[in-house]
Amino acid sequence: MTMASENPGALRNIRVVELGQLLAGPFCGQLLGDMGADVIKVEPPVTGDPMREWGQGSEKVQWEVIARNKRSVSANLRVPEGQALVKKLIAHADVVIENFKPGTMEKWGLGPDVLLAEKPDLIIARMSGYGQTGPYSDRAGFGGIGEAMGGWRYIVGEPDRAPSRMGVSIGDTLTATYGCMGVLAALHERAQTGRGQVIDAALYESVLQVMEGLVPEYDRMGLIRERSGSVLKGIAPSNVYSCRDGEFMIGANKDSLWKRLASAMGRPELGDDPRYATHLARGENQDELDELINQWTRTLTVDEVDALMIEHSIPAGRVYRAPDMLADPHFQAREAIIEVETERFGPLKMQSSFPKLSATPGTVRRAAPSRVGQHNAEVYGELLGLGEADLAQMAANGVI
């Protein structure tokens, strides 16, 4: 199913062959596809990508997001005929995405040395747990392991409990995002030199990149960041506070903002109180300050606190769930959530493409393929000149 769109996207002339399964590789493919690339997803025959069965609830709709803007072909990469077929397909591509365990592509005769020898302008984005080099490179790695090794898991959760996790697979999506950045940089370089290259994106290093001052703080002061629950130690006030009818996030962690919040609370004298007047003082008295604010917010509704924050120009906001997002006029005005006509579920709301480009915005031009190998005839026919008889024979032989 193809969606009508007047904006083909900034990557409209780029063809991507997406290998790999589950999250990191496919999310990278989603990002590139949203920006206009023709993404050909290669799935194992019959079973397809396990992502088709992922997600919460009785109906598995997560696939509809991560596989949008893609065409599905099937190929058995564990047999020589399937490897040869995909190799021919890659000859027509600008970018290859893979997130197999290091060494797997080489075992299949599809390693960068082989592919770049035949197509020097090819860009290969490789996503793995530990990277393509180093003593851990041959270990199996999932997103959660990368989050643990990269420092994320240790600092998330309550201080008196075991490390927690986010409710989404942040390690995988971070790696995919860095992989996408690498592809875009490599495309720019190729435009100057004509040369392709390999992007090596490791799960643990992707997480490490967003760890802020965690490493230099230890290097300089011997400081080890610990779990701190809902706050960032020393940054105050910045927390979720309880109102009469719900929760509300306030971020007034700046001297001028704190003074405005004190005024909004009807206690302007607190703005100059030496316990709270400066950034360092508020950090030292963080727990006391949070309780003080909580005592105030508990007397008001979310709407009342929200109105006061807007009146005093204080960064603040409601704690949203999916129903709140769908009802919010700002989400609607910016089309942050769109409705896609899917083959399996009909109209389905999901996040829009992002970031927003003024001249060549990303779009959802094609719904996720509902069947494994749905576009075999279309892709293999157009690019490789294979006919119905060829495809039927390969299907009978278990190649596609």
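1. Quick bookkeeping on classes: Ala, Val, Leu, Ile, Met, Phe, Trp, Tyr, Cys and Pro count as nonpolar, Asp, Glu, Lys and Arg as charged, and the others, Gly among them, as polar. On that split, the lining of the second largest pocket has 13 nonpolar, eight polar and seven charged residues.

2. Bear in mind that this is a predicted model, where local features need pLDDT of at least 70 and side-chain atom pairs pLDDT 80 or more, while totals for chains, interfaces and linings use all residues. Numbering starts from 1 along each chain as its sequence is written, and side-chain values use heavy atoms, with hydrogens and water left out.

3. About that pocket (on a 1 Å grid over the protein atoms alone, an open set of points where a 1.4 Å probe fits, with protein on both sides within 12 Å along at least five of seven lines; lining residues have an atom within 4 Å of a point): its volume, the space filled by probe spheres set on the points, is about 870 Å³. Of its 28 lining residues, I155, R225, S228, V231 and L232 lie nearest the centre.

4. Where does the second largest pocket lie? Domain 1 (15-210 + 338-397) and domain 2 (238-322) both contribute to its lining, so it lies between them; the bounds come from an automatic or database domain assignment.

5. Helix 12 supplies the largest share of that lining, four residues. Helices here are DSSP runs of H or I, at least four residues, numbered from the N terminus.

6. Elsewhere, W258, L261 and A264 in helix 11 meet L289, I293 and W296 in helix 13, with contact meaning heavy atoms within 4.5 Å. That makes six nonpolar, no polar and no charged residues.

Note on methods: Helices (H or I, at least four residues) and strands (E, at least two) are DSSP runs, numbered from the N terminus.
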